[in-house]
Every structure is written in structure tokens, then in C-alpha cells.
Amino acid sequence: MVKSEPYVSHGPRSTQIFFIDVWLRRRLATMASFSLPPIHDNPDGGWGPSSSNIPEQFKFKDIPYAPFSKSDKLGRFADWNDPMSDGRQAATGLPATRDTRGAAGRSRREGAQAFGSGTASAFAYFHVEDESSFSLVDNKAAPPRRSGGFARGRTSGRGTSSFTGRGAQRSRGGGFTTGRGGAQRGGRKGWRDWEKNNRTRESSVAISPQWAMLEEIEFHRLAKLKLEVDDPEDIDTYGRIFAYEKTYDRITTKTERPLQPLDRIKYNTTTSDDPVIQQLAAKDTATIYTTDVILSVLMCAPRSVYPWDIVIVREGNHLFFDKRDGGPFDTVTVNENASDPPQDPVPPNPNNPSEKAAQEAPSINSATSLSLEATYINQNFGFQSVVESVTEDFTHPNPFYGPEETEPLASCGYRYRVFDLGVTEDEDVKICVRTEVDAFIAGQGSPREGHGLVTIRALNEFDPRAPGAGGAPDWRSKLDSQRGAVVATEMKNNSCKLAKWTVQSILAGADHMRIGYISRVNPKDNTRHVILSTASMRPIDFAAQLNVSLANGWGIVRTITDLCMKMPEGKYVLIKDPNKSVIRLYAVPMTAFTTEEDEGEAFEGEEPELAA
């Protein structure tokens, strides 16, 4: 290589130009030329260079490529981070020998493993000697533990125990669990979540692509709403109720009674099909019309986990909140708010014939089976716990019982009440609610005037050791001696159901609630049941224990009402997302949810022609 000489000025301008030209020529002569290297295509059509035509002088030919997948996102072709919790051993390529079970569990909790990250890395930097020779020297003695009798006394005193009791009533996810092992009392969120079958639920109604979503509201926004409502105005009463049998209040686990199935008729008619509500709407009695069952679901929406839907019809200046036949309002949920609620089996894949053939019968402890069982228990316990010889007639007879009916009516009274939802005195926003009561207590005044009215419900135990039991204790051994533990567990696992029952009782103006504790005779048989005990409580006091805010519920109702009144006349549906804490309002055609009825009417109309 020729050494370049620095440029130096020696005289006139022409001499300078000459030396510059010479200097540039020498520089250009000494510059290296560039030639394009040969490019070897992969004859196999695969990714990367082929191993058959790599040049011999290529010194990295024996280094393998990091494994990757074509489906990986950009930037994830090679993952240099090992998701193991012991990062030092993973970096040095050593096998993890400490707490193998715990490390595996933690890695599963952290998420799905990247493609190829668990394989032995050829690019790992081995620096074992310095790491293994390192040790921490500490000659100081360990400080004495100061958690003696003072800490134990404080734990068992009023500070912790009273806090746990309040948390068990207010919290939904964690709180007071009385399963095996006292360590579950804290209710750590996320503990062993990877072992739970977190299957996605299906929506309560199939959402059509033609439906337009108008609004989406998260539950945390609903929980901030508040509206104080005054006492309602009684419009009219219908039906007949029987006296409550007080001997059921004295039942214990040692004097249990069998649950008897009885044939009685009890109606659960939707709002638009109620002839009384149609008459009240013609008189322009209120703005919104609904039933206590539908209204309680809306008022307790932030507690709900399972999907539901409410059909809303706007006709002029009136709103009708309806339910679908066969929808979630016709059954009772079981352990809806448990950390691991009951699950339904996975439906078979229609594209896999082997799964169709291997489909098993549904378990008696699945979510659907338990819901049907709980509905059966609630109805029959209400039929059985009354004295049919002691009756009280309301102002009008049952509006749904026709002359062609032959089976006897169940004890049920309907009270039509109007609540004022107006924020100011000039605002006229009223809601008419059809409420239900199940019985009355004799000797506490006239039931027609709202004295001594009772609502009757039932909690059911299926199998404490079955999946989805929610850590519930055995009722036969704990109900008499540790009733508080049983009640706290039910308040945690069935927070939404108990809140809805309480709201329905308050809306109806009932003075008392009777909740029966009913269990299976044999945990493996869901057809025979026994009554173990009955609890009596006042709805207002029970609402305070459950931390149910009626003001928050009325705020939710008023918010949904304002949203629908801004829309044009038509039909809408309010749907709770099956897997998220959110509700959505959709605009649907007027013919939605009536296809089956129309088809049935058309089929009935064609029957005479076919018979002829």
C-alpha cells in the first residue's frame, strides 16, 4: 500500500493544482475495489441457506439456527429469554435442580411458552466458574422472632376476625372459605388458576351480525351510580296466598323432613303478556313496566357472572322490560360467584364424528343440571311450607288462571306498585313493577294492607367434594353448630342470587324472608332431598349484610331508561357479556325472538287442511 502524502502548498496557484491532481490520482489507485459475492439459493425451497452448498471457508457453518415458527409475530423468530424463574441457571445452560415442581408451576402461570425457547440454546454463554464460586458470608445472628403470644392474640382478637367477617360479606372473589385447611380463609386470588377449567361461556342469546350495538357499559361504571327513591305507591293486588307453616322454623339436622314434590300451578309471565300491565299502560300509569324478577337482575347486574339478556320494547313514551321464554330468568343459578363455579361439559365438535359417538350423559353436578335441580327445589319448598287451609284473598283473583285450568293454584300474590324515579319534582319518570309474595304469617295484621307478607326461597347442597362446590362445609355436621360459617360461604358463592332474592322481597314490601337449607339424601342422587333447616330474616337487614345498595340499583335502572328513551321506537336487547363484566345494548328488529311463535301459529293454521 502506497503511503499518501499530505498536501502542502509550495508556490503559485498552478503548482498547487498540479500537486492536488497527483495526490488524488495516488489516492484513487490505492482504494480497494468491491466485487459482489456469489449468492447460493436453497434448492430445497426451505428457509435459510442449504447445508449442501455452504462454502467451506464459512466458519459458522456448524452453528444451528435458533428454532422458530412461521406463525410467530415479527420480532419473535428467535426468543433469547428463557421464561424459567431461575434466570441465572437458564442463562448458563445448567439444569434447574432447585424446586423443580415449583418452577414448573410458576412457568405455567407466567403464560404460554415461546416456540423453541425450552430447547438447549447453542448461543448460551457459559460462565459457570465465577457464578458457582460465589457465596454470601454473613456472620450476624438471626434476629429473634417477635411473633409470640401477642401476634396470636391479635389474630384471634377482634381486629382480624371482625375484618374477615366483613370481607366475607362484601367481597365476591375471595374472602371467607371454610374448606379443608384453614389456609384457604385468606382466599388468595389467582392461586392454582392454571388448574382451573376456565372455559369460555356462550352468550344467553345468539347475537346476529345485523344487530347494531348502541352502548357498552362496564360494571365498574354501573357501581358508581346512585339514585334515592321514595316509598312506592300500591296500585292493586291480585291472587291468593296461604299461611306459612311455622313448624318449619324449628327443623334441625336431627329432625330433617323430606322434600315432597307437589303439583301446583305458578305463573311466571313476562311483562308484555300481563293483562293487568296492559290495562295500566292504557291508563298511562307509568313510563316503565316490568316485573320484580327482571328488575332485580338489572339492579344486581354488577354482581352477575353468568350471561343474561333483557328484551326492551319502546312503544310511544312507554318502555316494557321483558324476558324470553326459556331464558335465564326461568331457572335458579348455583354457586355463580364461586371462585371455581360448576361447569358444563364441552359440546362435541360437529366436524369430528368420533366426538359425537363418545358423547357422555351430562353430569348431575354440571351447571345446567344443578340449575334445574335448584329450580325444582325452590318451587316445591314454597309449595310444601304453607298451610293451604288458611288462606287470604287479595282484591282480585289471579289474572293468569283461566277457567279451563284444573290443577290447584300455588300460594302466590301479586302486588302492582309504582316507584318514582324522577330526579326533580317536575320530572315524571315512574316505573310500575309487578311484585310477588309467597305467603303470610298469621296474626301479624291484614295481608291486604301489606302486613306479615313472606317470600320463601331455598338454598341447596349437592356434593361438598364435587367440583364447583366452592369450599362449602358439610351442612349436616356444621349447620347447627357453625351456622355462621355456612351462611358466610353461601353469601360468597351465591352473592348474586341472594342479592336478587333480597331485592325482590324489598320491592314486594315483604316483612320476612324464609330461606330453607335443602340437601340431597345421597350426594349421588339428585332426585331425593331433605329439609335440614330454615332461616328467618328481614329483607332490609339481610340487604345490609350482603352490602346491597338499593340506591345503586335504582341508579342503574334510571341510566338504562335514559339510554332507551333517547332511541326511536322499536325493540332493543340488553345483553350481559358471557365472559366479561360488561353489558351491551343492541337494536334488534321487531320480529326478533318471535320467529318460533310465528312458525307455531302458522303450523297450527295448516293442521286442519292437512287433516281434511
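Start by selecting helix α14, residues 495-508, in this predicted model. At 1.5 Å a residue, its 14 residues should span 20 Å, and the end C-alpha atoms are 20 Å apart, so the expected and modelled spans agree. Now show the surroundings of the helix: 14 of the 14 residues of α14 are buried, so the rest of the structure largely encloses this helix. Step just past its end to Gly509, where phi is positive, at about 75°.

Next, pick Trp554 and display its surroundings. Which residues does Trp554 contact, leaving aside its neighbours within four places in sequence? They are Leu227, Val229, Leu295, Met299, Phe419, Leu421, Ile431 and Leu507.

Keep Trp554 on screen and add helix α9 (residues 292-299) and helix α16 (residues 550-565). The two helices pack at an angle of about 100°, with their axes 8 Å apart. An angle from 65 to 115 degrees counts as roughly perpendicular, so that is how α9 lies relative to α16. To see the contact itself, select Leu295, Leu298 and Met299 on α9, then Leu550, Gly553, Trp554, Ile556, Val557 and Ile560 on α16. Colour these by type and you will find eight nonpolar residues, one polar and no charged.

Now widen the view to the nonpolar cores. In soluble globular proteins, nonpolar side chains tend to be buried together. The largest core here has 65 residues, and Ile312, Trp554 and Ile560 are the members that touch the most others. For a last stop, look for a second, separate core of 16 residues; among them are Ile265, Ile277, Tyr289 and Val418.

Key: Residues are numbered from 1 along each chain as its sequence is written. This is a predicted model: local features need pLDDT of at least 70, side-chain atom pairs count only at pLDDT 80 or more; totals for chains, interfaces and linings use all residues. Side-chain values use heavy atoms; hydrogens and water are left out. Axes are lines fitted to C-alpha atoms, for helices over the stretch in contact, and angles run from 0 to 180 degrees between N-to-C directions. Helices (H or I, at least four residues) and strands (E, at least two) are DSSP runs, numbered from the N terminus. Angles under 35 degrees count as roughly parallel, over 145 as roughly antiparallel, 65 to 115 as roughly perpendicular and the rest as oblique. Contact means heavy atoms within 4.5 Å. Ala, Val, Leu, Ile, Met, Phe, Trp, Tyr, Cys and Pro count as nonpolar, Asp, Glu, Lys and Arg as charged, and the others, Gly among them, as polar. A nonpolar core is a set of buried Ala, Val, Leu, Ile, Met, Phe, Trp, Tyr and Cys residues joined through side-chain atoms within 4.5 Å. Buried means under 20% relative accessible area, exposed over 50%, partly exposed in between (1.4 Å probe, protein chains only). The expected span of a helix is 1.5 Å times one less than its number of residues.
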